[in-house]
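Reader: Could you walk me through how the helices pack in this one? I'd like the cut-offs spelled out as we go.

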Amino acid sequence: MITVLLVDDHPVVRAGVAGYLLKDTSHADLISAVRTAVRGGTVLAPSVATRLLHQVRRPIGRDTLSPREVEVLRLVARGLSNAEIGRELHIGEATVKTHLLRTFNKLDVSDRTAAVTTAMAAGLL
């Protein structure tokens, strides 16, 4: 299996990955990718390369989310509803939704669970 090279300190990188292909990769492309990897090259499926470039251009870091967005996300991680978060932070429920939508956009996710998971993986929570 050829896996993706994403972050220098990621365990799979330390294990010596050479790239990432999707399961619908053609036989010819797979053979070509293996040959490239054997020669020391890196192989990425086009969709993976696009996502990687997107992450590099807009990395997830502490400066990506505002302090309030991190605070709201911490409360989401604790399982609070938007109404409960609003009461906890003394803000309106609509404001909580706005913070969450901005957070989803910044983390490139579409729901609360993915936002918490992505933020945790990035060390934001």
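What follows is a short round of questions and answers on helix packing and a few single residues.

Author: First, the ground rules: this is a predicted model, where local features need pLDDT of at least 70, side-chain atom pairs count only at pLDDT 80 or more, and totals for chains, interfaces and linings use all residues. Residues are numbered from 1 along each chain as its sequence is written, and side-chain values use heavy atoms, with hydrogens and water left out.

Reader: How do H4 and H5 sit against each other: parallel, antiparallel, perpendicular or oblique?

Author: Helices here are DSSP runs (H or I, at least four residues), numbered from the N terminus. H4 covers residues 67-77 and H5 residues 82-89, and their axes are 10 Å apart at an angle of about 125 degrees. Axes are lines fitted to C-alpha atoms over the stretch in contact, with angles from 0 to 180 degrees between N-to-C directions; under 35 degrees counts as roughly parallel, over 145 as roughly antiparallel, 65 to 115 as roughly perpendicular and the rest as oblique. So H4 is oblique to H5.

Reader: How many residues in the contact of H4 with H5 are charged?

Author: Contact means heavy atoms within 4.5 Å. H4 brings Arg68, Glu71, Val72, Leu75 and Val76, while H5 brings Ile85, Glu88 and Leu89. With Ala, Val, Leu, Ile, Met, Phe, Trp, Tyr, Cys and Pro as nonpolar, Asp, Glu, Lys and Arg as charged, and the others, Gly among them, as polar, the split is five nonpolar, no polar and, for charged, three.

Reader: And how is H5 placed relative to H6?

Author: Their axes come within 8 Å and cross at roughly 105 degrees. Asn82, Ala83, Ile85 and Gly86 of H5 touch Glu93, Val96, Lys97 and Leu100 of H6, a set with four nonpolar, two polar and two charged residues. Given that crossing angle, H5 is, relative to H6, roughly perpendicular.

Reader: Which residues of H7 does H4 meet?

Author: H4 and H7 have axes that come within 10 Å and cross at roughly 110 degrees, so H4 is roughly perpendicular to H7. The contact holds six nonpolar residues, no polar and one charged. On the H4 side are Leu73, Val76 and Ala77, and on the H7 side Arg112, Ala115, Val116 and Ala119.

Reader: What covers the buried residues of H4?

Author: Buried means under 20% relative accessible area, exposed over 50%, and partly exposed in between (1.4 Å probe, protein chains only). In H4 the buried residues are Glu69, Val70, Val72, Leu73, Leu75 and Val76. Their cover includes H5, H6 and H7.

Reader: Which residue's backbone oxygen lies 2.8 Å from a polar side-chain atom of Thr103?

Author: Thr103 sits in helix H6, residues 93-107, and is buried at a relative accessible area of 1%. Leaving aside neighbours within four places in sequence, Thr103 is in contact with Leu65, Glu69 and Leu73. The backbone oxygen at 2.8 Å from that side chain belongs to His99.

Reader: Is Leu30 buried or exposed, or in between?

Author: Leu30 is in helix H2, residues 27-38. Beyond neighbours within four places in sequence, Leu30 is in contact with Leu21 and Thr25. Its relative accessible area is 39%, so Leu30 counts as partly exposed.

Reader: What separates the C-alpha atoms of Val48 and Leu22?

Author: Val48 lies in helix H3, residues 46-57, and is buried, with a relative accessible area of 15%. Val48 and Leu22 are 26 residues apart along the chain, and the distance between their C-alpha atoms is 8.6 Å.

Terms used
Helices (H or I, at least four residues) and strands (E, at least two) are DSSP runs, numbered from the N terminus. A polar contact is a pair of N or O atoms within 3.5 Å; within protein, one must be able to donate a hydrogen and the other to accept it, and residues adjacent in sequence count only if both atoms are side-chain atoms.
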